[in-house]
Amino acid sequence: MASWMTDDTAGDRLRDQDLQHFAVVHPGDDAEQVTAESTDWLVMVDFEGVPVGVAGPGRQVAWSVVVASAELRVDAALKSPAFDEVDPNTGVVVLEGREVVGVWAGDSLARALLQGPARDLTQSSLPGYPDIPLIVQTCGYSENDVPCGTSDTFQRKPSVMPPCPNNNHLSPHTFVW
Ligand SMILES: [Zn+2]
């Protein structure tokens, strides 16, 4: 038995959950081709390796990704505002540092979301950035069929959308969730 199994917090971390097999799709890869052929989850990353899209097997890419550290406790993750936006069909991209190590999705995630955090929360105050789960969201605005496509990072879904960083220099606009 691996030594970490003796740690009494084993099983509490995101890394310990039933993570899905996945492949990383880089900019320039033929995402549609890969999506059609893959039986694994797919994580689309940008040029800096930040996950910006995720797709379950046979599903379309969702350009909204909740990312969280593999070391984060499940209770803490479930309490985070970002997890309010989690959908078991798109899952949570689990990171170790900047590296994708898995996708938490499907039944195991759905059960955890339904159950919510454990009642004993004495140990589960949220650790500081960068262990707070984040939402990487791609702006859905388009102009004359040119998509904005700017991705930005949020701790929670804003109740009032901020101005879009507008990396493709379209007309100034509010971020489209
Ligand atoms: Zn935009």
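Is Asn 166 buried, exposed or partly exposed? Asn 166 counts as partly exposed because 15 C-beta neighbours lie inside 10 Å, which places it between the 20 or more that a buried residue needs and the 12 or fewer of an exposed one. Keep in mind as you look around that this is a predicted model.

## The overall picture

Let's step back to the whole chain. The protein has three helices and eleven strands. If you read along the sequence, the elements follow the pattern β-β-α-β-β-β-α-β-β-α-β-β-β-β. The protein has 177 residues, and 32% of them count as buried. Take the contacts between residues at least 6 apart in sequence: 50% of these join residues at least 24 apart.

## A sheet of six strands

Sheets come next. Strands of a sheet pair through backbone hydrogen bonds, and they do so either parallel or antiparallel. Here, six strands form an open sheet with mixed pairing, in the order β1-β7-β6-β5-β8-β11. Which strands stand at the edges? They are β1 (19–20) and β11, and each has a single partner strand, so one side of each is left without a neighbour in the sheet.

Inside that order you can find β5 beside β8. Strand β5 (residues 64–69) and strand β8 (residues 134–138) run antiparallel and are joined by four bridges. To see one bridge pair for yourself, look for Ser 64, whose partner in β8 is Gln 137.

## Strand β3 and its partners

Now turn to β3, which covers residues 41–45. How many of its residues are buried? Five of its five residues are, and the strand is described as mostly covered. Trp 41, Val 43 and Val 45 point one way from β3, while Leu 42 and Met 44 point the other way.

Strand β3 pairs with strand β2 (residues 22–25) in the parallel sense, over four bridges. On that side, Ala 23 has Leu 42 in β3 as its bridge partner. Strand β3 is also joined to strand β4 (residues 51–55) by four bridges, and these two strands run antiparallel. There, Val 43 stands opposite Val 54 in β4.

Strands β3 and β4 make a hairpin with five residues between the strands, and Gly 49 in this hairpin takes a positive phi near 85 degrees.

Met 44 is a good residue to pause on. Met 44 is buried because 24 other C-beta atoms lie within 10 Å, and a count of 20 or more is what the term asks for. Met 44 and Ala 55 are eleven residues apart in sequence, and their C-alpha atoms are 8.3 Å apart in space.

## After the last strand

Let's return to where we began. Asn 166 is found in the segment after β11 (151–154), and His 169 lies in the segment after β11 too. Phi of Asn 166 is positive, in a residue other than glycine, and phi of His 169 is likewise positive in a residue other than glycine. His 169 is exposed because 8 other C-beta atoms lie within 10 Å, and 12 or fewer is the cut-off for that word.

Here are the positive phi values together:

| Residue | Phi | Where |
|---|---|---|
| Gly 49 | near 85 degrees | hairpin of β3 and β4 |
| Asn 166 | near 55 degrees | segment after β11 |
| His 169 | near 55 degrees | segment after β11 |

Terms used: Residues numbered from 1 in each chain as written. Predicted model: local features only at pLDDT ≥ 70, side-chain atom pairs only at ≥ 80, totals over all residues. Contact = placed C-beta atoms within 7 Å. Pairing = 2+ DSSP bridges.
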